[in-house]
Structure formats: C-alpha cells, structure tokens
Amino acid sequence: MAGNKRQLVIVLALAICVTGCPTPRGRKSRPDQSNTGTLSATNSVSEGEEQWEFNPEVGAVGGSAAIDSDCNLCVPLGSCLYVVDPSGRPKCHFEAGGRIFSSPSLEGVQRALFGSDDGYFYTINTLRCEQFSSFKAAGPIKSSPVVVSDKAFFASFDGTVYSVDLGAAPKSGWQYSVGAPIRSSPAYAPKARLIVIGSDNHKLYAFDRDKGGSGPKWVFTANAKIPGRPSVARFRDHEVVVVGVDTESSAIPVRVYAILDTGSELWHYDVSAGIAVQGVAITPDGKVFFGTASSEVYCLALISGQLLWKVAVADGSVVLGAPAVSSNGIVYIGGSNRTFYAIDAASGAIKWKFPTIGVIESSPAIARDGTVYIGDMDGHFYAIR
C-alpha cells in the first residue's frame, strides 16, 4: 500500500459513517445515492438455496435489479425492464429500443428510471410498465442514474454527463462533455454537494450538483480507466470517494483509490495481480470490499487503506464484479466462473457458493428478509435464500 500520507494525521482522529439519505423500506437497487453497496437485511442471512429462477429468454441481465416497497423486482433483461413479483412471476415489462445495462433507480410512487443503448433515458410506471417520459442523450446510456432533489444524474457513452430535471417532460438541467467514453455510474457526496463519476480517460470528475455545466470542481487522474462506479463515505468533516480501475494490462498496477472531497488523494492500494476492479462496497464500520480479475476478494480499512484480509474464491483468473454487503455481515459477489459467493465480512471465510448458468457481471440486490437476487449474462435471474 502506498499513497499520500499528509491527510492521515487528521483523518485518524475522525469518526466514520456511511453517507446517503435514508431509503424507504424495500428499495434496494442501490442502498443510497452514494453507492456504498451496504444493504439492510432485518432477518437471518441466506443459506445459498435457490428459491426460484426467472428467464424470459430475451437477453442478458446487464444491470442490477431494484426492489420496491412491495418487494417487487425491476429487472433489466436484454432490451426489456421486467417487473417481477416476490414469487418470481412477471407482472409486466417495458421494451426499450436497445439493451439495458443501466440499473434502474426507483423514485417517487411506482416510478423507475433507467437508460438504454438506444440513447434514451426512460421513466416508466412500474404498475403497468407504461412509459411516463423519455429524454434523448447524445449516445448510448450504460450509466445507472442517481436521483437527487428530483434531478437525475447519469452519463452517455459518448462522454457527456447529464443533469436532467424530472417531470412530465424531462429537460436538461446541465450537461458537460469529458471527451472520452463513460461507462461509470455517478455517486453523490451530499455534504459537498458533488456528483462524482469516472471515465475511460483515467479521470475522476467531481461536479457541483447544480452548476456542473460550467465544468468540474476538481479532476483526479488515476493510473488507468475507471469503468466502475465510485462510492462515497463520510468522515466527520470530510467525504471520501473510493474507486477502482481497469488497466487492461498486467504490466500496470491495479489500484483502488481513496480521494477526499477536495480532490486530494488520501491513499491508494495496489492489487498484486489482476487487471480490473469493477466497484467497491463500504460498510458503516469503515471497511472497503472489492473483487479483482485474479479471483481474489479484498477487505481494506477505509481510514488507512490497510489490508485487513483477502481471500481467493477460485483457482486461476476469475473476473469478479462489484460486491454488495448485507447489514448481517455477508459480502455477496459473482464472477466470470459462473459462481456466486457469500463471504463472511469479518473474516473472509466463504460461507457458501451458488452455481449460475451464465457469467455474472451485475451487482446483487438484497431484500430485507435476507433473500439475495442476482442475474447472469445468459438471461437467468435467481432468488437465493
């Protein structure tokens, strides 16, 4: 582990808490606007048994599912968004003009927001899967939206970051082009009022929530592309952004960065092997979890970047996706070896493994009763308990 130590004397004295506004019961697509990846489960943890499987044979599960207050699931499959009830029966579906890699965000009453490769940002009614509205971006939308104060923030693959005012006829609040493709999804730092997003040009951008069109407040340059979502945690006086990179080459160090809300590096951690970190999860007790392309799952201390544990979940090279962590202390993560893992967050011990038919690229969703939902690239969506 290496990095800038100048901030650590101050930081070590500060208490940690995870940011994000409280979410209504059952809304679990992302636990908060800050992409912490920590999801509340009030009942016992799952035991790894399949409850049901849904496969309408329309395409891959490219994004994470969202769970509404009635425990219905909004699942992106191919170019369709399905609403599935808690028993696995489809209630309705909406078909976009292109594939959906954008994880839906549930906002307001029976409203799902997401982007598509057809370049449209959709708002649909989840009761009947009817379109409320759409907004045309300049390119395909692989980014998942974050919604703050009735504004949606996302990016298109052509490199444009958008703020869209929601309503009957959504309109652009501001937009800014970074000049490189964006696959990353934004995170919100509420204390600093920043929208933070990565890009393929190795840069992490922080925009003022209301005035982003005038340019970023700061730009941090990493050592490689940033395809995954950043996550934001809060110190008492600061917020910190944690993000990983995709080097596409074993000759370049794979790094996970912690960056203060001023744009200064707090620390970085170099992974010994592998080429990609797709996303991280941060828990309220100050732990950072992520998987690599070398089949290893890591746990670091948020304050210092110190390694707490790591575990190899498989032999050989396995690309692992972004994890999610339940409040019961279980890390859930899947990968390219068609296996979904449950790992003890305290020790790194593997609790159970679940075989899937296809490769897993999306992040899991966790319901309050401990049921875990995950989809694969062969179009199968699983409920595991």
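# A guided tour, starting at the disulfide

Select Cys92 and Cys129 to begin, and you will find that both of these residues are buried. Bear in mind from the outset that what you have open is a predicted model. A disulfide joins Cys92 to Cys129, with a distance of 2.1 Å from S to S, and the structure holds one disulfide. If you now widen the selection to the surrounding elements, you will see that Cys92 lies in strand 7 (residues 90-95), while Cys129 is in the loop between strand 10 (120-125) and strand 11 (130-136), so the pair ties together parts that are 37 residues apart in sequence. Turn the view until you look along the S-S bond of Cys92 and Cys129: the torsion about this bond is about 70 degrees, and the disulfide is therefore right-handed.

Add Cys80 to the selection next. Why does the sulfur of Cys80 form no bond with that of Cys129? The sulfur of Cys129 is the closest cysteine sulfur to that of Cys80, but it is 9.7 Å away, which is too far for a bond. Cys80 has a relative accessible area of 4%, and because buried means under 20%, it counts as buried. Another cysteine to select is Cys299, which has 0% relative accessibility and also counts as buried.

**Two residues with a positive phi**

Go now to Cys71, in the loop between strand 4 (66-67) and strand 5 (73-77). Although Cys71 is not a glycine, it has a positive phi of about 70 degrees. Its relative accessibility of 33% makes Cys71 partly exposed. Then move to Ser295, which you will find in the loop between strand 25 (287-291) and strand 26 (296-301). Ser295, again a residue other than glycine, has a positive phi near 70 degrees. Is Ser295 buried or exposed? With a relative accessible area of 2%, Ser295 is buried.

**A first open sheet**

Select residues 146-177 and look for strands 12, 13, 14 and 15, four strands that form an open sheet in the order 12-13-14-15 with antiparallel pairing. Strand 12 (146-148) and strand 15 (171-177) stand at the edges, and each has a single partner strand, so one side of each is left without a neighbour in the sheet. From one strand to the next, the twist averages 20 degrees. To look at one pairing in detail, keep strand 12 and strand 13 (residues 151-155), which run antiparallel and are joined by three bridges. Within this pairing, Val146 has Phe153 in strand 13 as its bridge partner.

**A second open sheet**

Move on to strands 16, 17, 18 and 19, which form an open sheet in the order 16-17-18-19, with antiparallel pairing. Its edge strands are strand 16 (187-189) and strand 19, each of which pairs on one side only. On average, neighbouring strands of this sheet are turned by 25 degrees against each other, direction ignored. At one end of the order, three bridges join strand 16 to strand 17 (residues 194-198), and Ala187 has Val196 as its bridge partner there. At the other end, strand 18 (residues 203-208) pairs with strand 19 over four bridges in the antiparallel sense, and Tyr205 stands opposite Val219.

Stay with strand 19 (residues 218-221) and show its side chains, which alternate along the strand. Trp218 and Phe220 point to one face and are buried, whereas Val219 and Thr221 point to the other and are not.

**A buried strand and its partners**

Select strand 21 (residues 239-244) next. How many of the six residues of strand 21 are buried? Six of the six are, so this strand is largely enclosed by the rest of the structure. Glu239, Val241 and Val243 point one way from strand 21, while Val240, Val242 and Gly244 point the other way.

Add strand 20 (residues 231-235), which pairs with strand 21 over four bridges in the antiparallel sense; a hairpin joins strand 20 to strand 21 through three residues. Ala233 has Val240 as its bridge partner. Strand 22 (residues 254-260) also runs antiparallel to strand 21, and five bridges join the two, with Tyr257 in strand 22 as the bridge partner of Val243.

**The largest pocket**

For the last stop, select Gly62, Arg183, Pro227, Gln278 and Glu361, which are the closest to the centre of the largest pocket among the 26 residues that line it. This pocket has a volume of about 780 Å³. Which classes of residue make up its lining? There are seven nonpolar, 13 polar and six charged residues.

Notes
Residues are numbered from 1 along each chain as its sequence is written. This is a predicted model: local features need pLDDT of at least 70, side-chain atom pairs count only at pLDDT 80 or more; totals for chains, interfaces and linings use all residues. Side-chain values use heavy atoms; hydrogens and water are left out. Two strands pair if DSSP finds at least two bridges between them. Axes are lines fitted to C-alpha atoms, for helices over the stretch in contact, and angles run from 0 to 180 degrees between N-to-C directions. On a 1 Å grid over the protein atoms alone, a cavity is a set of points where a 1.4 Å probe fits but cannot get out, and a pocket is an open set with protein on both sides within 12 Å along at least five of seven lines; lining residues have an atom within 4 Å of a point. Grid points are joined across faces, edges and corners, and a volume is the space filled by probe spheres set on the points. Ala, Val, Leu, Ile, Met, Phe, Trp, Tyr, Cys and Pro count as nonpolar, Asp, Glu, Lys and Arg as charged, and the others, Gly among them, as polar. Buried means under 20% relative accessible area, exposed over 50%, partly exposed in between (1.4 Å probe, protein chains only). A disulfide is a pair of cysteine sulfur atoms within 2.5 Å.
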